[in-house]
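These are my notes from going through the structure element by element. I looked up strands, sheets and helices in turn.

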Amino acid sequence: MCGIVGYIGSREAYPVLIEGLSALEYRGYDSAGIAMVGTDGCRINKDKGKVDNLRKITSSCCMSGSTGIAHTRWATHGVPSLINAHPHTDSAGKIAMVHNGIIENYTSLKQKLAKESLEFTSDTDSEVLAQLIGKYYNGDLASAVRKALSEIEGTFGIAVVAADNPQVMVGARRGSPLVVGIGDDEFILASDSCAIVRHTKKVIYLKDNNIIELKPGDFSISTLDNRKISPRIHSIDWDPSVLAKGGFDHFMLKEIFEQPETVLNAMRGRLIQETGSARLDGLNLVLQELRQIDRIIFVACGTSWHAALAGEYMIEDIAGIPVEVEYASEFRYRNPIIDSNTLVFAISQSGETADTLAAMREAAHKGATVLGICNTVGSTIARESHGGVYLHAGPEIGVASTKAFTSQLTVLSMLTLLLGRMRRISHAEGTTIANALDQIPKQIKKILRQNKNIQEIAQIYHHHSNFIYLGRSYNFPTALEGALKLKEISYIHAEGYPAAEMKHGPIALIDTDMPCVVLALKDSVYDKIISNIQEINARGGKVIAIANEGDKEIENFAHHVIYIPKTIPMLSPLLSVIPLQLLAYHIAAFRGCEIDQPRNLAKSVTVE
Ligand code: F6R
């Protein structure tokens with residue numbers, strides 16, 4: 001999604017801005033632009049395409065100065081083009097602004113402003129806000145922004161500069177994240193701390209309806225209705241080195257290979273093998289409150305929704321608590337039934353997904369205790385929940401989520417253990433689960449050693465146009481996740497199904513051109529899965545099976561077998577998803593796709 005970087009301080013702003021935009025490239029975008037303010041006014045450069053295009057056009061023109069704003073745009077209103085790229089200005093060129101989010105009442109505002117003879121040059125909703133700020137600007141940028149925002153409906157994260165004053169920059173947010181990095185005599189305003197961490201680890205996460213006025217060496221934060229705020233300063237807890245590929249061809253591959261460590265990080269200090277339980281202090285719930293829960297709702301989107309679905313299987317099976325898994329985008333517009341004994345979890349890697357955020361707000365509004373399972377520290381979902389659990393997976397840069405998924409599964413396993421031990425599982429059963437979880441990082445490492453073998457299978461199948469992924473029980477969510485990984489990065493059409501559901505329709509698709517990836521692990525549904533494989537074989541389909549080590553029988557039925565170590569059924573998705581991630585990665589690589597930034601996709605979906 002769109003990215004914002006702003007700089008005000010004592011150094012040249014341009015290198016900070018352009019590097020900052022590069023650090024935000026992973027979020028997905030289609031155009032980029034920059035505005036520099038100096039004593040000679042405001043200079044703007046922008047273009048369709050990559051940040052490198054912008055770098056080329058700006059290298060030949062003067063971009064010096066110590067104040068500037070920059071943007072990567074992910075089109076919502078208006079095609080990706082030079083005129084629609086940000087920064088936008090008002091007709092008189094008094095201010096320049098970059099905007100993330102959506103101005104919902106832009107049509108009526110635009111009509112009103114057009115009647116005042118203001119000329120619009122773009123098709124964007126954002127330009128309306130720039131025009132409004134310009135209209136109200138009279139030497140006090142913060143009050144012009146405040147006044148303009150009072151007329152806006154919708155979401156925004158903005159950075160604004162005034163052409164006649166390089167000594168000020170204003171930022172504001174509602175629904176779109178903004179972080180302020182506090183350096184020595186300088187501030188970096190960004191939509192994501194990835195653009196800040198190289199310069200400082202001291203940050204303030206702006207809250208909704210906050211406005212910040214930045215001047216060299218000084219800042220003040222207030223609410224949109226002008227009440228002063230004393231902000232809390234946080235420290236970024238990860239190292240800038242994670243923003244490099246570290247010898248891998250793509251961030252996605254690097255992140256797949258990080259999983260032994262990220263899964264371990266999610267468990268560290270939380271998994272207690274001696275008692276066969278887990279400590280999740282961040283939930284901020286006392287045991288008594290946890291005991292009273294009689295229903296859990298997970299709200300999430302995409303891969304996080306798949307993790308939630310796996311969580312449903314775990315919690316219902318082991319802890320005996322009814323669980324519902326909701327697409328956040330549906331939940332937010334339904335009238336869900338929630339009572340005080342319902343616990344709602346919002347699961348999100350980014351912690352900024354607009355639909356998930358809206359769903360959790362709706363649940364909180366109805367009186368539910370809402371907890372977050374998030375990766376991004378300080379994100380809006382993390383801050384707005386009553387408590388929660390961080391994944392500690394480090395920034396996930398590849399647009400296709402991999403390590404966040406296994407970390408989410410790890411946290412959900414520990415939640416299951418905690419709730420299960422309070423209710424119906426014995427110390428011995430709890431210890432079995434805890435010990436099995438403890439083995440997962442080593443077992444993932446073992447699967448990763450098969451990378452070459454999986455690449456060879458990918459080579460055979462990379463030219464196919466359709467895939468089916470099948471799984472049952474605990475591995476039905478894994479089948480969905482495997483199919484999602486393949487479609488997002490390789491653009492191959494892929495569907496995930498519960499294996500037995502195939503005969504109710506999808507079986508019509510099976511022919512010699514249809515590869516079927518089947519999760520056939522040695523669990524309670526193994527024999528049933530073998531029957532499903534037979535049905536595929538009978539119709540000439542090609543089967544790539546994910547099976548447990550030592551299962552020789554499967555070789556009689558599958559064209560290819562990828563073996564994974566055995567664990568308890570509840571934890572099997574943590575292992576079975578790894579070959580599916582690698583398979584998708586290699587197929588996309590053979591097809592020459594842009595793996596880390598697939599077309600049309602954004603890393604953090606901050607619009608509806
Ligand atoms: C898939 C993917 C998306 C996200 C979804 C939710 O690889 O990345 O489907 O899982 O947009 O994002 P978060 O977890 O940030 O809320």
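Strand β1, faces. I looked up both sides of β1 and found each of them covered: G3, V5 and Y7 are buried on one side, and I4, G6 and I8 are buried on the other. I note here that the model is a predicted one. The count for the strand, residues 3-8, is 6 buried out of 6. The split into two sets fits the general pattern, since side chains in a regular strand alternate between the two faces of the sheet.

Strand β1, partners. Which strands does β1 join, and in what sense? I found 6 bridges from β1 to β4 (residues 67-73), and the two run antiparallel. In that pairing Y7 stands opposite G68 of β4. I also found 4 bridges from β1 to β10 (residues 186-190), again antiparallel. There V5 is set opposite A190 of β10.

Helices α1 and α2. I looked up how α1 (residues 13-24) and α2 (residues 51-59) cross. Their axes come within 10 Å, at an angle of roughly 160 degrees. That angle makes the pair roughly antiparallel, because anything over 145 degrees counts as such. The crossing of α1 past α2 is left-handed. For the contact, I list Y14, I18, L21 and S22 from α1, which meet V51, L54, R55, T58 and S59 from α2.

Sheet with β18 to β22. I read the strand order as β19-β18-β20-β21-β22, an open sheet of 5 strands with parallel pairing. Why is one side of β19 and of β22 left without a neighbour in the sheet? Both β19 (323-327) and β22 (387-390) stand at the edges and have a single partner strand each, so one side stays unpaired. Ignoring direction, neighbouring strands in this sheet are turned by 20 degrees against each other on average. I then took one pair inside the order: β20 (residues 342-348) and β21 (residues 369-374) run parallel and are joined by 6 bridges. I347 has I373 of β21 as its bridge partner.

Helices on that sheet. Helix α11 (residues 354-365) packs on the sheet and touches β18, β20 and β21, with its direction at about 165 degrees to that of β20. Helix α9 (residues 302-319) lies across β18 (295-300), β19 and β20, and I read about 170 degrees between α9 and β19.

Helix α9, details. I checked the span of α9: its 18 residues reach 25 Å from first C-alpha to last, close to the expected 26 Å. Is α9 largely enclosed or largely open? Of its 18 residues 14 are buried, so α9 is largely enclosed by the rest of the structure. Just after α9, G320 takes a positive phi of about 70 degrees.

Sheet with β23 to β27. I found an open sheet of 5 strands here too, in the order β24-β23-β25-β26-β27 and with parallel pairing. Its edge strands, β24 (493-498) and β27 (560-564), pair on one side only. The twist from one strand to the next averages 20 degrees. I looked up β25 (residues 515-520) with β26 (residues 542-548) and found parallel pairing over 6 bridges. A520 stands opposite A547 of β26.

Helices on that sheet. Helix α17 (residues 526-538) lies across β23, β25 and β26, at about 170 degrees to β25. Helix α15 (residues 451-461) lies across β23 (466-471), β25, β26 and β27, and runs at about 150 degrees to β27.

Key
Residues are numbered from 1 along each chain as its sequence is written. This is a predicted model: local features need pLDDT of at least 70, side-chain atom pairs count only at pLDDT 80 or more; totals for chains, interfaces and linings use all residues. Side-chain values use heavy atoms; hydrogens and water are left out. Two strands pair if DSSP finds at least two bridges between them. Axes are lines fitted to C-alpha atoms, for helices over the stretch in contact, and angles run from 0 to 180 degrees between N-to-C directions. Contact means heavy atoms within 4.5 Å. The expected span of a helix is 1.5 Å times one less than its number of residues. Buried means under 20% relative accessible area, exposed over 50%, partly exposed in between (1.4 Å probe, protein chains only). Angles under 35 degrees count as roughly parallel, over 145 as roughly antiparallel, 65 to 115 as roughly perpendicular and the rest as oblique. A crossing is left-handed if the near helix is turned anticlockwise from the far one by less than a right angle, and right-handed if clockwise.
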